[in-house]
Amino acid sequence: MGRIVAIGGGDLRAGETLPIDRYIVSLARSESPRLLFIPTASHDSAGYIELVQKVYGSLGCTVEALCLYGEESDDEIRRKVLTADIIYVGGGNTEAMMELWRSRSVDRYLRQAYRAGTVLAGLSAGSICWFIAGHSDSEFIAGTDQPVYKWVRGLGLLPFLHCPHYNEPERQGFDGFVDGQIADAIALENNTAFVELDGEYFVIRSNESARAFLLSWDGAAVHKRALSGEKDDCFVRAL
């Protein structure tokens, strides 16, 4: 049983996800958590690293980054992943990220961290990675000729398909992706997050108007229902 907070989107710099970020820190089993930021999807963007250091540093974390496009040794990669209290994965090109992770055994170390109870979190690509597969704009980010949205395989720690940024116009075609799929799908608007906490699933929101949905294919049609429930200080919504 693990601890995952998969954020559908939101502007970290503007503080849109701050209640969710606080919740992530609260899950750590340390009063001064060590947070590992993995910025692979943004090609190790220095500005993104500085932003995460500022935001999570202000929340009491010691932040370091795992830069796979740099000179990280295999031993250093393993050490950083397996000694972190929190691992936060940034947004960007999901497909390129997953390919590089698999080539450097990061996927294997993240599964070990999950089993050890490390808090796993992230936004956009950093949300898709925890699911079976996600609705990805990787071809658009990569500048592919005639790009299309596509499924990108994740780590499968959360037993659902996934769509982040579900409120954005570009994601309107996601419902059609669920047609014929055996697994159910979790669609998250910006400023929502899907949480696994020791085997329990629920949704949290940093904006009361943000929504999350469960989509299922019954063999004939796709059905969608909003996820809702009781509210607390972190806008928790139980499935």
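Q: In what order do the six strands of the open sheet run?
A: This is a predicted model, so take everything here as computed. The sheet is open, and its pairing is mixed. Read across, the order is E7-E6-E8-E9-E12-E13.

Q: Which are the edge strands of this sheet?
A: An edge strand here pairs on one side only. That fits the two ends of the order E7-E6-E8-E9-E12-E13. The edge strands are strand E7 (150-153) and strand E13 (222-226).

Q: By how much are neighbouring strands of this sheet turned against each other on average?
A: Direction is ignored for this one. With that in mind, the average turn between neighbours in the sheet is 25°.

Q: Which helix packs on the sheet, touching strand E6 and E7?
A: Look at strand E6 (131-136) and its partner in the contact, E7. The helix that touches both has a direction at about 25° to that of E7. It's helix H4 (residues 94-103).

Q: Which residue in E13 does Leu214 stand opposite?
A: Strand E12 covers residues 212-217, and it pairs with E13 in the antiparallel sense over five bridges. Across from Leu214, in E13, stands Arg225.

Q: Which helix gives the most to the largest nonpolar core?
A: In soluble globular proteins, nonpolar side chains tend to be buried together. Here the largest such core has 38 residues, and Ile87, Trp101, Leu110 and Trp130 have the most contacts inside it. Five of the core's residues come from one helix, covering residues 106-115. That helix is H5.

Q: How many residues does the other core have, the one that lies apart?
A: Among its members are Ile20, Tyr23, Ala28 and Ala193. It lies apart from the largest core, and its count is 29 residues.

Q: What is the volume of the largest cavity?
A: A search of the whole structure turns up one cavity of 30 Å³ or more. Its lining includes Gly92, His135, Asp137 and Arg171, and helix H6 (125-128) and E6 each supply at least two lining residues. The volume is about 30 Å³.

Q: Is Asp44 buried or exposed?
A: Most residues other than glycine have a negative phi. Asp44 has a positive one, near 60°, and is found in the loop between strand E2 (34-38) and helix H2 (46-57). Its relative accessible area is 13%, and under 20% counts as buried, so Asp44 is buried.

Q: What is the relative accessible area of Asn191?
A: Asn191 also has a positive phi, near 70°. Its place is in the loop between strand E9 (185-188) and strand E10 (192-197). Asn191 is buried, with a relative accessible area of 11%.

Notes. Residues are numbered from 1 along each chain as its sequence is written. This is a predicted model: local features need pLDDT of at least 70, side-chain atom pairs count only at pLDDT 80 or more; totals for chains, interfaces and linings use all residues. Side-chain values use heavy atoms; hydrogens and water are left out. A nonpolar core is a set of buried Ala, Val, Leu, Ile, Met, Phe, Trp, Tyr and Cys residues joined through side-chain atoms within 4.5 Å. Buried means under 20% relative accessible area, exposed over 50%, partly exposed in between (1.4 Å probe, protein chains only). Helices (H or I, at least four residues) and strands (E, at least two) are DSSP runs, numbered from the N terminus. Two strands pair if DSSP finds at least two bridges between them. Axes are lines fitted to C-alpha atoms, for helices over the stretch in contact, and angles run from 0 to 180 degrees between N-to-C directions. Contact means heavy atoms within 4.5 Å. On a 1 Å grid over the protein atoms alone, a cavity is a set of points where a 1.4 Å probe fits but cannot get out, and a pocket is an open set with protein on both sides within 12 Å along at least five of seven lines; lining residues have an atom within 4 Å of a point. Grid points are joined across faces, edges and corners, and a volume is the space filled by probe spheres set on the points.
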